[in-house]
Amino acid sequence: KLDIQGQDMLTLADYSSEEIIGLVEKAYEMKQTDHQAEEPLKGKILGMIFEKSSTRTRVSFEAGMLQLGGHALYLNSNDMQIGRGETIADTAKVLSNYVDGIMIRTFSHDIIEELATHATIPVINGLTDQYHPCQALADLLTIKEVKGQLAGISCVYVGDGNNVAHSLMIAAAKVGMHMTIACPKGYEPDEKVVALAQGFAEVTGSKILVENDVKKAVDGADVIYTDVWTSMGQEEENEMRLQVFHDYQVNESLVACAKEDYLFLHCLPAHRGEEVSASVIDGDHSAVFQQAGNRLHAQKALLTELL
Ligand code: CP
Ligand code: NVA
């Protein structure tokens with residue numbers, strides 16, 4: 001029994017290994033059974049604030065709330081008074097009177113921390129520049145489904161040391177999965193997040209590494225993961241990033257270094273011909289649509305427990 005009702009989900013670093021594994025197990029169970037008749041969140045409302053675009057996060061949270069008997073409100077920050085300067089603190093206090101939980105997708109991680117400080121209801125991170133914890137929960141569920149285990153699996157993330165890489169690294173360390181981030185010099189994950197993950201890894205026995213040599217990193221990997229080279233908010237760096245990351249494409253020649261039964265994952269949206277070749281993402285080893293589908297199940301487990 002998970003005892004996390006009323007908590008925020010800003011980063012998986014705030015959750016114990018048991019809680020993270022418990023959420024993945026609950027998501028797996030909920031995926032196998034039809035919970036719609038039980039309506040565990042009947043009458044509950046989730047407010048969803050978006051300061052950036054989204055397909056998967058928006059639709060999976062909204063569909064998930066409906067399937068659990070609740071309701072979700074899509075709030076585009078440009079249409080809210082935050083867009084005209086109302087403070088995050090005031091927004092948090094006001095929304096706490098109307099809804100039972102807030103999911104927010106925003107830029108700086110400080111914004112979500114501020115929101116959580118002033119809200120009296122759970123705040124869920126739907127992506128910040130620093131973390132994407134709901135994605136990592138779905139990633140763990142997918143790896144567990146395909147590989148049958150998490151502890152001892154070796155996962156290599158190829159590309160930018162970004163929000164997705166940070167959350168996957170924390171998640172891996174918490175469940176005893178080995179993780180290497182393979183990235184160009186200057187695009188390593190935040191040192192503080194690496195140190196945090198390495199601290200968790202000491203307890204679970206996993207290895208968390210950062211490596212600039214991509215072929216060396218991928219050697220013998222069970223899972224290869226990548227994400228876009230240019231994240232939301234970095235659009236003006238796009239041309240430069242295409243050059244910097246050129247040798248970090250996940251393609252046939254790179255995956256040849258991994259285990260024969262390697263699994264390919266990508267949080268999506270993908271850019272075929274940039275971070276991944278079409279042959280890899282659309283090939284037999286790819287489970288990216290199962291992974292995208294698992295966003296729904298992982299978040300339903302999270303919503304049921306927090307709300
Ligand atoms: N993976 C993910 O978060 O996708 P969206 O940006 O479409 O929500
Ligand atoms: N790193 C990407 C993930 C999108 C789901 C971004 O922040 O844009």
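How do the residues of the shell around ligand 1 divide into nonpolar, polar and charged? In this predicted model, where local features need pLDDT of at least 70, side-chain atom pairs count only at pLDDT 80 or more, and totals for chains, interfaces and linings use all residues, the shell comprises two nonpolar, five polar and three charged residues. Side-chain values use heavy atoms, without hydrogens and water, residues are numbered from 1 along each chain as its sequence is written, and chains are lettered from A and ligands numbered from 1 in the order in which they are written.

The shell residues, each with a heavy atom within 4 Å of the ligand, are S54, T55, R56, T57, R105, H132, Q135, C267, L268 and R295 for ligand 1. Polar contacts (pairs of N or O atoms within 3.5 Å) link oxygen atoms of ligand 1 to side-chain N or O atoms of T57 at 2.7 Å and of R105 at 2.8 Å. The backbone takes part too: a polar backbone atom of L268 lies 2.9 Å from a nitrogen atom of ligand 1. Of the 260 Å² of accessible area that ligand 1 has on its own (Shrake-Rupley method, 1.4 Å probe), the protein covers 95%.

Turning to ligand 2, its surroundings are L127, N162, N163, V164, D227, V228, S231, M232 and L268, a set of five nonpolar, three polar and one charged. Polar side-chain atoms lie 2.7 Å from a nitrogen atom of ligand 2 in D227, 2.8 Å in S231 and 3.3 Å in N162. Here the protein covers 94% of the 270 Å² that ligand 2 has accessible on its own.

Definitions and conventions:
A polar contact is a pair of N or O atoms within 3.5 Å; within protein, one must be able to donate a hydrogen and the other to accept it, and residues adjacent in sequence count only if both atoms are side-chain atoms. Ala, Val, Leu, Ile, Met, Phe, Trp, Tyr, Cys and Pro count as nonpolar, Asp, Glu, Lys and Arg as charged, and the others, Gly among them, as polar.
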